[in-house]
Amino acid sequence: MPISFEKINLQDEVLNLPNNNSNDNNDEETKPLIDKMTKSHTTVPPQPYSSAKLQHFRSKLPTAKFLFALHFTFALIVICAGMIRNEGRKYIPVDVTRLDKQCKKAYVNVFDTNEETAIVCCDGTQNDWAWITMGLYEDGLCVSLPKILPFAKIITRFPESWLLPFIPLFLRLIVAYTSNAPTTTPESNSIRYTCTRGILYTFVMCVRGFILYLLFNAIEEGIVLAVVGDNDNSCWYEHILKPHYQKESCYGQAFDFSDHVVLFLSHYLPCLVFEALYCFLFPFWRGATEDGGSPGNNNHQHRSILQSILPWSLLLMFVYVNFLTFLAVYRTASYFHTPIETVVGFLISLLIQVPLGFLLLSERWEGSRSRVGLPTDSSRSRV
């Protein structure tokens with residue numbers, strides 16, 4: 001290496017000073033001079049591929065922005081489709097044992113004063129895909145996500161809802177941990193940056209859970225109480241509500257922003273989209289190079305069956321989880337919240353979507369970007 005040669009030459013220059021027949025005392029006097037001259041000629045080598053990585057990022061940035069905008073637009077279309085079908089209705093579950101009909105489950109529209117049309121009795125004869133195929137509106141209310149779809153029943157449960165968004169990150173960690181040649185592993189694939197993004201996603205989920213859900217719900221209740229006041233009125237459907245719903249007068253009529261829209265659009269999708277686009281910008285399969293481009297010669301020999309199937313696994317997982325999420329968003333907007341409640345939930349979700357999108361697709365916030373493995377103009381000196 002050039003530095004080692006410089007050291008040797010410097011040492012030769014010092015050793016060729018007068019009085020070559022030096023004793024131990026002369027060696028001690030000469031050693032500080034050697035160290036000083038060697039240190040002055042030694043520089044920290046720049047991190048490899050940093051400028052290439054930044055150039056590669058900029059070349060793919062327009063496509064990444066287009067994909068982000070496309071995904072965001074599709075989410076808006078799904079929400080709007082659900083709100084259009086809703087038509088101001090809002091259903092809550094009722095206790096079927098209090099009904100005269102034989103129902104497996106039942107719902108009531110809290111804004112309908114006509115008991116005959118307000119109650120929807122689900123007898124189990126409805127098609128699982130009724131609300132997707134635009135069948136009868138009431139039939140779609142009686143079926144949830146189709147049972148044949150894996151994970152369809154757990155996407156709103158804990159801890160599953162906190163683990164599914166991490167799947168792309170786990171795939172990337174597999175590659176980083178099982179790399180046969182750590183010295184040639186691309187910087188963007190390192191365990192350090194992958195774990196840092198995992199911390200970022202955990203922080204996002206905590207913000208959604210403790211601030212956008214618990215805190216904002218408390219604020220919402222305070223505002224509703226201040227504006228509307230205590231509601232001592234009774235509603236015709238209270239006697240058929242489940243016991244824990246009867247504690248509140250006219251349960252369901254008060255404004256309640258869609259916390260499920262917040263869950264899906266600020267918990268699931270932002271983390272999945274961020275990591276998926278990061279994988280698009282800097283692939284982790286087939287020994288991708290430091291700049292995120294095509295497989296390099298250094299790692300080409302380390303390809304494996306696992307690394308060959310990872311990109312397809314990531315794509316299928318991303319599409320499938322998005323499919324489940326959008327179905328759930330559509331159903332929530334169609335049946336369980338009024339359009340204004342859905343809109344407010346969507347606006348709240350922007351508190352997560354916009355900062356994460358800005359972090360990924362802009363070149364500002366250099367300190368934060370460099371910590372999660374994104375290139376910046378100052379990455380050579382900071383990372």
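Visitor: What makes two residues a contact here?
Guide: Contact means heavy atoms within 4.5 Å. By that rule Asp95 touches Ile240, Leu241 and Lys242, not counting residues up to four places away in sequence. The model is predicted: local features need pLDDT of at least 70, side-chain atom pairs count only at pLDDT 80 or more, and totals for chains, interfaces and linings use all residues. Residues are numbered from 1 along each chain as its sequence is written, and side-chain values use heavy atoms, with hydrogens and water left out.

Visitor: Why is Asp95 called buried?
Guide: Buried means under 20% relative accessible area, exposed over 50%, partly exposed in between (1.4 Å probe, protein chains only). Asp95 has 16%, so Asp95 is buried. Asp95 is found in the loop between β1 and β2.

Visitor: What makes β2 largely enclosed by the rest of the structure?
Guide: Strand β2 covers residues 105–109, and 4 of its 5 residues are buried, so β2 is largely enclosed. A strand is a DSSP run (E, at least two residues), numbered from the N terminus; helices are H or I runs of at least four. The chain has 14 helices and 3 strands.

Visitor: How do you know that β1 and β2 pair?
Guide: Pairing needs at least two bridges found by DSSP. Strand β1 (residues 91–94) is joined to β2 by 4 bridges, running antiparallel. Pro93 stands opposite Tyr107 in β2.

Visitor: What joins β2 to β3?
Guide: Again 4 bridges, in the antiparallel sense, to β3 (residues 119–122). Val108 has Ile119 of β3 as its bridge partner.
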